[in-house]
Amino acid sequence: MIKIAIIGGTGVYDPSMLTNLSEQTVTTPYGDVTFKTGDYNGKTVAFIPRHGSKHSIPPHLINYRANIWAMKKIGVEHIVATTAVGSLNRDMKPGDFVIVDQFLDFTKSRVTSFYEGGWRGVAHLDVTEPYCPYLRNIVKEASEELGISVHETGTYVCTEGPRFESPAEIKMFEKLGGDLVGMTNIPEATLAREAEMCYSTVSMVTNFAAGISPNPLTHGEVVETMAQNAENIKRLIMKTIDMIDVSHTDCLCRRAMREYGGFRLEEE
Ligand code: HPA
């Protein structure tokens, strides 16, 4: 069974840290998902580049439900994701890593739930603690072991994209308590919670957000900053994977849908 998955964001397309690589396709009710699997220090890990291996899928068209459903289907229990973000917080600078602990959802057109009535019914997910506390702590411990400094908390504002934000939007997000802005973490994180999987994301600041940065934003700048820090984000993710105890099951994430009889992939 593959118990751990990496969902790689912008700039993290390359599973070369894994050995014995192979490709798998899983059919889901939402479409097929093709991903790589490979080994790292005795653990088998699945790897999905969220935007496709050549950054061909824009944030608003990512098949979030298919990706999470496919990972659940193959037995994954822990997902460690990476996200490239702009920063609204002057203390979180380009190149910094943040272990996000809260989100503000400003997406507009995405299907955000597996629960759409029908046999699965209707459910109202609790997101008091939206990111897995166990995994967040492991990322923090991994960063300490590697001597990579991280911000231990941060609020991720998820926008619809694919455009960047206006300075007025960024000012509003700042007033609302946002630290970082990105286009992909919701509904990925909340779907993983609905599927009762442990999920956390390591955000990497690639730029100051619009109106804070002195220059207009470019995707090239985002990719370039990711590339400069790619080695460190890979080291952090792989150390995290090394430190995950795959027998760890006592987590609020695993009981998220208890009130609704637990999450099931298919009608029984
Ligand atoms: N805004 C939205 N998404 C992003 C940004 C940004 O400034 N930087 C990287 N991803």
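**View 1. Ser87 links β5 to β11 and β10.** In this predicted model, Ser87 of strand β5 has Phe208 as its bridge partner in β11. The β5 and β11 strands pair in the parallel sense, over 10 bridges. Strand β11 spans residues 198-208. Ser87 also has a bridge partner in β10, namely Leu180. Here the pairing is antiparallel: 2 bridges join β5 to β10, residues 180-182.

**View 2. β5 beside β1.** Strand β1 covers residues 4-8 and runs parallel to β5. The two strands are joined by 4 bridges. Ala5 has its bridge partner in β5 at Ile79.

**View 3. Two sides of β5, residues 78-87.** The strand is mostly covered, with 10 of its 10 residues buried. In a regular strand, side chains alternate between the two faces of the sheet. One way from β5 point His78, Val80, Thr82, Ala84 and Gly86. The other way point Ile79, Ala81, Thr83, Val85 and Ser87. Residues on both sides are buried.

**View 4. β9 and its partner strands.** Strand β9, residues 155-159, is mostly covered: 5 of its 5 residues are buried. Thr155, Val157 and Thr159 point one way, Tyr156 and Cys158 the other. Strand β7, residues 102-106, pairs with β9 in the parallel sense over 5 bridges. In that pairing, Phe106 stands opposite Thr159. Strand β10 also runs parallel to β9, joined by 3 bridges. There, Tyr156 stands opposite Leu180 of β10. From β9 the chain passes through helix α3, residues 167-175, to reach β10. This β-α-β crossover is right-handed.

**View 5. Leu180 of β10, seen from two strands.** Leu180 is the bridge partner of Ser87 from β5. Leu180 also stands opposite Tyr156 from β9. The β10 strand runs antiparallel to β5 and parallel to β9.

**View 6. Lys93 in the loop after β5.** Lys93 is found in the loop between β5 and β6, the latter spanning 97-99. Is Lys93 buried, exposed or partly exposed? Lys93 counts as partly exposed, because its relative accessibility is 43% and that class lies between under 20% for buried and over 50% for exposed. Leaving aside residues up to four places away in sequence, Lys93 touches Val205 and Phe208. A polar atom of the Lys93 side chain lies 3.4 Å from the backbone oxygen of Arg90. The C-alpha atoms of Lys93 and Arg136 are separated by 20 Å, with the two residues 43 apart along the chain.

Key:
Residues numbered from 1 in each chain as written. Predicted model: local features only at pLDDT ≥ 70, side-chain atom pairs only at ≥ 80, totals over all residues. Heavy atoms only, no water. Buried < 20%, exposed > 50% of the residue type's maximum accessible area, 1.4 Å probe, protein only. Pairing = 2+ DSSP bridges. Right-handed = clockwise from strand over helix to strand, strands pointing away. Contact = heavy atoms within 4.5 Å. Polar contact = N/O pair within 3.5 Å; in protein donor to acceptor, adjacent residues only side chain to side chain.
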